[in-house]
Amino acid sequence: RMVGLVLDDPGAQMSQLTVAEEVAFGLENLGVGPLERGARIDSGLGAVGLAGLEERSPLELSGGQQQRLIIASVLAMCPGVLVLDEPTSNLDPAGRDDLLEIVRQRQRDDGLTVVIVEHDIDALAASVERIVVLDAGRIVLDGPVRDILGRVDVLAGLGLRPPAVTEVAAAFAGPGSVRLPVTLAEAVDWFGGGRVTGGRSSAAAPSG
């Protein structure tokens with residue numbers, strides 16, 4: 001009732017014969033009545049772009065659609081916290097971006113707390129506000145996304161690579177406290193707003 005979990009393999013969570021029944025399964029276990037259940041099914045499937053597929057078998061959906069179906073099933077139960085365990089591991093970049101945008105939208109609209117366990121740091125850079133880095137079960141870094149991803153040398157020591165644009169910017173900026181870009185859009189502004197002299201950028205990253 002409080003925490004919804006979405007695994008990296010949607011097949012591990014699907015059990016029903018139709019898309020609508022898949023979303024209804026959790027609601028039935030919560031004792032949600034038929035009228036409210038129908039409304040939540042429609043709302044959940046609409047939110048993830050699966051409206052109109054109610055009678056389709058989940059097995060006929062693409063991998064990205066299956067992942068969205070599981071998210072709809074979990075969100076329909078109205079948890080306060082959504083935990084996603086490597087949700088982009090089986091998706092191509094376009095599918096990854098679509099899925100993360102759906103999650104961001106629900107977070108903005110519903111005030112949902114979202115926890116993403118993910119090894120793809122590029123996927124997280126534009127999607128989260130805070131990053132916690134674990135090493136051997138210990139929290140070793142914890143802070144705003146740009147503060148953490150900008151610590152290129154520290155991440156390298158932990159066997160992690162920051163986004164490629166952050167690595168490139170760090171190589172130009174050299175040691176110091178400049179604010180490094182973590183997304184491609186930020187990198188365009190960062191490099192476009194400065195000068196590169198002697199192999200180093202003299203620009204200070206924009207604060208926005």
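Student: Which residues are linked with Glu101 in a network of salt bridges?

Tutor: Happy to start there, keeping in mind that this is a predicted model. Side chains of opposite charge can pair when their charged atoms come close. In this network, Glu101 is joined by two arginines, Arg104 and Arg108.

Student: How far apart are the closest N and O atoms of Arg108 and Glu101?

Tutor: A salt bridge here needs a nitrogen of Lys or Arg within 4 Å of a carboxyl oxygen of Asp or Glu. Arg108 is partly exposed at a relative accessible area of 47%, and Glu101 is partly exposed at 31%. Their salt bridge has its closest N and O atoms at a separation of 3.0 Å.

Student: Which parts of the chain does the pair of Arg146 and Glu186 tie together?

Tutor: The side chains of Arg146 and Glu186 meet in a salt bridge, with 2.2 Å from N to O. The two parts they tie together are 40 residues apart in sequence, because Arg146 and Glu186 sit in separate helices: α6 (residues 145-149) and α9 (residues 184-192).

Student: Is Glu186 buried or exposed?

Tutor: The cut-off to keep in mind is that buried means under 20% relative accessible area. Its partner Arg146, at 26%, counts as partly exposed. Glu186 has a relative accessible area of 16%, so this residue is buried.

Student: What about Glu60: is this residue buried or exposed?

Tutor: Glu60 meets Arg56 in a salt bridge, at 3.8 Å from N to O. Arg56 counts as partly exposed, at 34% relative accessibility. For Glu60 the relative accessible area is 55%, and the label exposed needs over 50%, so Glu60 is exposed.

Student: How many salt bridges does the structure hold?

Tutor: We have met several of them by now, including the pair of Glu60 and Arg56 and the pair of Arg146 and Glu186. For the structure, the number of salt bridges is 9.

Student: Let's turn to the pockets. Which residues lie nearest the centre of the largest pocket?

Tutor: Rolling a probe the size of a water molecule over the atoms shows where empty space is left. The largest pocket holds about 900 Å³ of space, and its lining has 27 residues. Those that lie nearest its centre are Ile116, Leu124, Val128, Arg130 and Ile131.

Student: Which elements give two or more residues to the lining of the largest pocket?

Tutor: Both helices and strands appear in the answer. By class, this lining has 18 nonpolar, 4 polar and 5 charged residues. The elements that give two or more residues to it are α4 (93-110), β3 (113-117), α5 (121-125) and β4.

Student: Which element provides the largest share of the lining of the second largest pocket?

Tutor: This pocket contains about 270 Å³ of space, and 17 residues line it, with Phe25, Gly26, Ser73, Val74 and Met77 nearest its centre. Two or more lining residues come from each of β1 (3-6), α1 (19-29) and α3 (63-75). The largest share, 4 residues, belongs to α1.

Student: How many nonpolar residues are in the lining of the second largest pocket?

Tutor: Sorting this lining by class gives 6 polar and 2 charged residues. The nonpolar class then accounts for 9.

Student: Where is Leu134 found, and which residues form a nonpolar patch with Leu134?

Tutor: Leu134 belongs to strand β4 (residues 130-135). This leucine is exposed, since its relative accessible area is 56%. The patch has about 290 Å² of accessible area in total, and Leu134 shares it with Val132 and Ile139.

Student: What is the phi of Glu86?

Tutor: Most residues other than glycine have a negative phi, and most peptide bonds are trans. Glu86 lies in the loop between β2 (81-85) and α4 and is partly exposed, with 22% relative accessible area. Although Glu86 is not a glycine, its phi is positive, at about 45 degrees.

Student: And what is the phi of Ala136?

Tutor: Ala136 sits in the loop between β4 and β5 (138-144). With a relative accessible area of 76%, Ala136 is exposed. Ala136 is not a glycine, yet its phi is positive, at about 55 degrees.

Student: To finish, what percentage of the residues of the chain count as buried?

Tutor: The chain has 9 helices and 7 strands, and its C-alpha trace spans about 65 × 35 × 30 Å along the principal axes. Of its 208 residues, the share that count as buried is 38%.

How values were computed
Residues numbered from 1 in each chain as written. Predicted model: local features only at pLDDT ≥ 70, side-chain atom pairs only at ≥ 80, totals over all residues. Heavy atoms only, no water. Patch = residues over 30% accessible without salt bridge, like charges linked within 9 Å, V, L, I, M, F, W, Y side chains within 5 Å. Areas by Shrake-Rupley, 256 points an atom, 1.4 Å probe, with all protein chains shown as cover. Buried < 20%, exposed > 50% of the residue type's maximum accessible area, 1.4 Å probe, protein only. 1 Å grid on protein atoms, 1.4 Å probe; cavity = no way out; pocket = protein on both sides within 12 Å on 5 of 7 lines; lining within 4 Å. Points joined across faces, edges and corners; volume = space filled by probe spheres on them. Nonpolar A, V, L, I, M, F, W, Y, C, P; charged D, E, K, R; others polar.
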